[in-house]
Amino acid sequence: MNLETPMMNLMKELDKISVVLQRALATAIGEHEEFFLEQTKDGENLLRPLYYPKNESAESIGAAPHTDIDDFTLLPMSTEEGLQVL
């Protein structure tokens, strides 16, 4: 199965969406629309979809407490208990 073309198309579409999100977030915090785009225009684009499977027991740890290094972290609404966002 050749995934290169569909994955490249997906990345192009996600890149377009990231521009919209960066503009919206800049406006939401009271900055001019290009605020984040100016800071990221010459940088690498990193898209990291992560999946944390449900823990089998209450004693197991799926991910230790941490901070994300990215400019933005988009989280879908959780359907399980456990994730804490501070």
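Helices here are DSSP runs of H or I with at least four residues, numbered from the N terminus.

**View 1. Leu3 sits in the segment before H1.** This is a predicted model, and the close-up starts with Leu3 in the stretch ahead of that helix. Leu3 comes out as partly exposed because its relative accessible area is 47%, and that class runs between 20% and 50%.

**View 2. Met1, Leu3, Met7 and Leu10 make a nonpolar patch on the surface.** Here Leu3 shows up again, now with its patch partners Met1, Met7 and Leu10. Together the four offer about 480 Å² of accessible area.

**View 3. Ala24 belongs to helix H1.** The helix covers residues 4-28. With a relative accessibility of 44%, Ala24 also counts as partly exposed. Now look across to Glu34: this residue is 10 positions from Ala24 along the chain, and their C-alpha atoms are 9.5 Å apart.

**View 4. Stepping back, the protein has 2 helices and 0 strands.** Its radius of gyration is 17 Å, well over the 12 Å that the globule rule gives for 86 residues, so the protein is more spread out than a compact globule. The C-alpha trace spans about 45 × 45 × 20 Å along its principal axes. Just for the record, 5% of the 86 residues count as buried.

**View 5. Surface and contacts of the whole protein.** About 8,300 Å² is exposed, and 58% of that comes from carbon and sulfur atoms. As for contacts between residues at least 6 apart in sequence, 29% link residues at least 24 apart.

Methods. Residues are numbered from 1 along each chain as its sequence is written. This is a predicted model: local features need pLDDT of at least 70, side-chain atom pairs count only at pLDDT 80 or more; totals for chains, interfaces and linings use all residues. Side-chain values use heavy atoms; hydrogens and water are left out. Buried means under 20% relative accessible area, exposed over 50%, partly exposed in between (1.4 Å probe, protein chains only). Patches are made of residues with over 30% relative accessible area and no salt bridge: like charges are joined within 9 Å, nonpolar side chains (Val, Leu, Ile, Met, Phe, Trp, Tyr) within 5 Å. Accessible areas come from the Shrake-Rupley method with a 1.4 Å probe; for residues, only the protein chains shown count as cover. A salt bridge is a side-chain nitrogen of Lys or Arg within 4 Å of a carboxyl oxygen of Asp or Glu. The radius of gyration is taken over C-alpha atoms; the globule rule is 2.2 Å times the number of residues to the power 0.38. Contact means heavy atoms within 4.5 Å.
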